[in-house]
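Me: Please take a close look at one part of this structure and follow it outward into its surroundings. A connected account would be preferred to a list.

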Amino acid sequence: MQSSWVFRAGLALPVALAACTGGIGDGIGGAGPDDPDQPRAPVSGPPAPAPPPPAGTPVSVSGMRRLTSWEYDNTLRDLLRDNTRPSRAILPADERTPFDNDYTSQVASKTLIDGVELLAGEAVQRLLANATRRDAVVGCTPKSAGDTACFQQFVTRFGRRALRRPLAAEEVTRFQSAFLPLAVQSGDFYTAVDVALRAFLQHPETIYRVEVGAPVTGKPSMFRLNVWETGARLAFTLWGSPPDDILLDQAQAGGLTTTAGVRSAAARMLKDPRARELVARFHGLWLSYESMSAPTPELATAMQQESAATIGRIVFDEGRPWQDVFRLGETFVSDLLAKQYGLPLPGSTTPKWVGYGATNRQGLLSQGAFLSNGAEGGDTSITLRGKAVRELLLCEEIPPPPPGVDANLPAAAPTACKSDQIAAHSQGGCASCHSLMDPVGSGLENYDALGRYRTREATNRTCIIAGNGALSGVGTFRGPAELSNLLLKTGRLNACVLMQVYRFTMGHKTLDDADRQLVMLLADRIGTADFKLDDLLVDFVSADSFRFRREEG
Amino acid sequence: MRLDRRTLLRGMGGIALGLPALEAMGLGGKAEAATATRFVLSYGGLSLTRGSLNADELVPTVVGRNYDVRRALQPVADLGLRDDVSVVSGLLLPWSRSDTEPVPPGGRSRFFHFNTVGPQTSGATGTSGRGGGRPRGPSADQLVAGVIAGNTPQKVLAYRVQAASGSADAGRLSWYRNGSGTLVPQDPIASPRLAYQSLFSGFTAPTPGGTPDTSKLQQVLAQRRSVLDFVGGEANRLMTRLGQADRARMQLHLTQLRDLEQRLATLPTLPTGTSCKQPTAPGTDPAVGGEFGYSDEETRADILSDLIAMAFACNLSRVASYMITDWKCYLNMKIPTGFSGDMHSLTHGSYPLSMVSDAVAWMVKQWAKLIVKLKALRETDGGTILDRTALVLLFEGGWGQDPEAGGRSPHSTENMVALIAGRAGGLRSGQHVRAAGKHPAQVVLSAMNAVGVTADSLGDVHGNIPQLFQ
């Protein structure tokens, strides 16, 4: 079943990332000379050819990526201080791969255009109704309705944030010519601000992450990102949001042209709450609980926040190895969730850290968010739970039943236990695949789809849940704590999360040779040892590979 | 079939000549008939039974008129629509038995979820293997719009009732060929608020006995157009710097920008003396992901169906793609029907068939609510809009042989059922037609013929179902 090269790579070279402080090296890190590329005006003619990356540097294909609804909401938050997060269910749904940012499946549609127009109009309306926010965004006080200087200052300043690069003088003039007359006509400076902001929020360079770069000498279809594109790539990778003024200033000063410069910028960015949100979102999408449902939205949100807090504490607050996310002996619960899990009540409606004690729970896999995987008909599906573990945490693909296999099980007695029904999967043609899934799901059966511990089956209380699980070829387990330890022991978890981080970062599920080479280099470097996720991210974004792109086709 | 230049251009939707023309061949019909017809293509995810059961509760036992209404069809009776809705049963979507055997015309591979929608809505033969959920030809709604949309500002209204789609393609129903021949989706609008904005913003409600002050409205419209024009110009400039693949993406974006700009520039006057009445703005959308993940899809369907009906009455559109749920439907049915889980797990379990039937009935109900509205709206000649409309509701599967997993399961395209309503083009509604072995796309083709598309095939599927006109 484990046909993936990743597993081989992950097991081949167990070198701890913690030892890797100067970049990833091996052709993708900072081994090359400092980038001689200088910031340049973004729209002033074709860029000059750029020198190639160090020999052997794998360079990924990248295309224009539309912001996801989450990223567009972040953009409204950061540009306008608008925290309403209105985009979900207005912008078109994105393909789940399980991530929601695969640009190869994005298509501009009427719904997108109409949706962005609506969102932009309403966001600007909200802004203009709030003088404090409005003045902060505009940045100057107009002396008259047609105050050219103030309008130019606003367009220049805001435009740099919105388009993630400085505007050329002719661009500022275009905004002025198109919109300032409306202010004069209406006698209100903010009429021009209104329409200019709407234009910015619908601008293709706001809605899409556009990367062009400079053609690399001797490498057809390879391009070196300019400093603004590097800054935007950095910001969306680490924050899911546009660059802030500090990052733009660093780009302007040439600070993103060297590995050291990018490392320094990334280190700052990882201290920002936006990085924490992004890392939490990555896990939620990867482990399929970002869109989970529960009897009440409050319960679903509490569970998602519990998992986010666990990840944030390990990765950011305590700087511990990422693997500790699966080992943590405490969890972040209010009375609501503590009751759910049978934990001592913290006596609070807001969450607090509570020890798992002797409940045989540990880390992320013991939480309701992850355990919502495999929910079926108000209960759990043993098979789907096992499939989720195999596919999500080990990056394996379970094939569908082959042609000719009869998937119809003999009719079970209405009173049959789930374990008896599952046992039928171990017969005949079903066994080869179900033996990978069912023993895993069986080991989680003592925990229902809302994370509650149980000893008897939900639909037949006379059936005692054995709760014995096995990860074939690795070992046996009972419950999520022991499963976590087994998964960590396989070493495959490292390789799997690495590949998922790569897919999430680069915005495409399908990997080509260069992608695979990049992931293998990282996987070999990490091996099976513990690593710190923030270190990994810094290494990844500061690598030479990160500052180049190949054109599709 | 020969096409004159006018028909060809209509089939092309007015865009550059290319591959799209090939799929419009064979499509002809009324150009700008004084009495416009309307077309609605709908779809509900998953199948009609559960587990390995060989049964459903959608198909009446009585064939012909005055059919009996069973549990899954109950909303049709409850809403007084039995004489307006026909049931076509015994349909079959063929498949290839192995991963190497060619897919039969209009058929699918042995894999279920990704592959049963496209052949039904487009008639185009599916791909072999697992597929990716995308059809291989344009969907019927887009083809019909090429013939009957006339000068309506919205050629196709694409809406989806299920608010939170599990995945983009699973939540898409409407596909068209763009100017360069690429098959692209028209993403459905899932937000009633956006649907309203997209359809009715900019209009002034007719003021009986007076002239409304439209100056403020005109100013807002002018500003919106000005912004769109500016952004379009920026997109044009950007395009020159992009590589080929990104240029194609930006071109599509630009085309849609210009479409919105054009729509705002040419807002028609809402007709008076008809059933047309600008609806009240729906306000805030129901929250996405409430209890059990439910997003108040009932309310969403109420508003979206209102908008479709009124768009037809106001001649703002004549074609709708009205998707009830995703394929592989993960809509949680706890609030709609009381079942503690999603539609997908419901059909795979060993629950009573009645539970599945209630879920199917919920989908039928959302579709039927639109029929009620079309029936209540009058044309200027006194007839109803339903009299000149054809609506089809398709499902993802039926019951019987499952070539993916073997044995019997809901992952089957045997014993499929389609519902068809309306009286356009002589459709004789209110009957149960057994159409053993016929393809669901033949029901769609029948509806297309009814609204004036004179084609004798849809994709690779030939012939309508004559009994529907008898």
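**From a loop to the chain contact and the sheet**

Reply: A:Pro98 is found in the loop of chain A between helix H2 (69-80) and H3. The model is a predicted one, and in it the peptide bond leading from A:Thr97 to A:Pro98 is cis, with omega near 20°. As a general background, most peptide bonds are trans, and most residues other than glycine have a negative phi.

A second backbone feature of chain A is at A:Ser288, which is not a glycine and has a positive phi near 65°. A:Ser288 is placed in the loop between helix H12 (273-286) and helix H13 (297-317) of chain A. This residue counts as partly exposed because 18 C-beta neighbours lie inside 10 Å. A:Asn485, in helix H19 (residues 479-490) of chain A, has 15 such neighbours inside 10 Å and therefore also counts as partly exposed. The setting for these residues is a chain of 553 residues, of which 55% are buried. Its secondary structure comprises 22 helices and 11 strands. Of the contacts in chain A with a separation of 6 or more, 69% join residues 24 or more positions apart.

The loop that holds A:Pro98 lies between H2 and H3 of chain A, and H3(A) leads on to the contact between the chains. There, 52 residues of chain A are in contact with 67 residues of chain B. On the chain A side, two or more residues each come from helix H3 (110-128), helix H6 (169-186), helix H7 (189-202) and helix H8 (204-207). H3(A) gives the largest share, eight residues. By class, the chain A side consists of 24 nonpolar, 15 polar and 13 charged residues.

One helix pair at this contact can be described in detail. The axes of H7(A) and H7(B) are 9 Å apart, and the two helices pack at an angle of about 45°. They are therefore oblique to each other, and H7(A) passes H7(B) in a right-handed crossing. H7(A) contributes A:Val195, A:Arg198, A:Ala199 and A:Gln202, which meet B:Gln223, B:Ser226, B:Val227, B:Phe230 and B:Val231 of H7(B). This contact has five nonpolar, three polar and one charged residues.

Within its own chain, H7(B) has a further partner. The axes of helix H7 (residues 215-239) and helix H8 (residues 244-265) of chain B come within 9 Å and cross at roughly 160°. The limit for a roughly antiparallel pair is an angle over 145 degrees, so H7(B) is roughly antiparallel to H8(B). The crossing of H7(B) past H8(B) is left-handed. Residues on the H7(B) side of the contact include B:Leu221, B:Leu228, B:Val231 and B:Ala235, and those on the H8(B) side include B:Met250, B:Leu254, B:Leu257 and B:Leu264. In class terms this contact has 12 nonpolar, four polar and six charged residues. B:Val231 belongs to the contact with H8(B) and also meets H7(A).

Chain B also holds an open, mixed sheet of eight strands, in the order S2-S12-S3-S11-S8-S1-S7-S4. Strand S2 (64-65) and strand S4 (157-160) are its edge strands, each paired on one side only. S2(B) is joined by two bridges to strand S12 (residues 431-434) of chain B, and these strands run antiparallel. B:Gly64 is opposite B:His432 of S12(B). Helix H9 (residues 297-313) of chain B packs on the sheet, touching strand S1 (38-44), S4 and strand S7 (319-323), with its direction at about 165° to that of S4(B).

Inside the order of strands, S11(B) pairs with two neighbours. Strand S3 (residues 85-91) of chain B is antiparallel to S11(B) over five bridges, with B:Leu91 the bridge partner of B:Met416. Strand S8 (residues 389-395) of chain B is antiparallel to S11(B) over three bridges, and B:Leu393 is opposite B:Leu419. In a regular strand, side chains alternate between the two faces of the sheet. In S11(B), B:Met416, B:Ala418 and B:Ile420 are buried on one side, and B:Val417, B:Leu419 and B:Ala421 are buried on the other. Six of the six residues of strand S11 (residues 416-421) are buried, so this strand is largely enclosed by the rest of the structure.

A backbone feature is also found beside this strand. B:Asn415 lies in the loop between strand S10 (408-409) and S11 of chain B. Its phi is positive, about 50°, although B:Asn415 is not a glycine. With 23 C-beta neighbours inside 10 Å, B:Asn415 counts as buried, whereas A:Ser288 counts as partly exposed.

Technical notes:
Residues numbered from 1 in each chain as written. Chains lettered and ligands numbered in written order. Predicted model: local features only at pLDDT ≥ 70, side-chain atom pairs only at ≥ 80, totals over all residues. Axes fitted to C-alpha atoms, helices over the stretch in contact; angles between N-to-C directions. Helix = DSSP H or I, 4+ residues; strand = E, 2+ residues; numbered from the N terminus. Parallel < 35°, antiparallel > 145°, perpendicular 65-115°, else oblique. Left-handed = near helix turned anticlockwise from the far one by under 90°. Contact = placed C-beta atoms within 7 Å. Nonpolar A, V, L, I, M, F, W, Y, C, P; charged D, E, K, R; others polar. Buried ≥ 20, exposed ≤ 12 C-beta atoms within 10 Å, placed from the backbone. Pairing = 2+ DSSP bridges.
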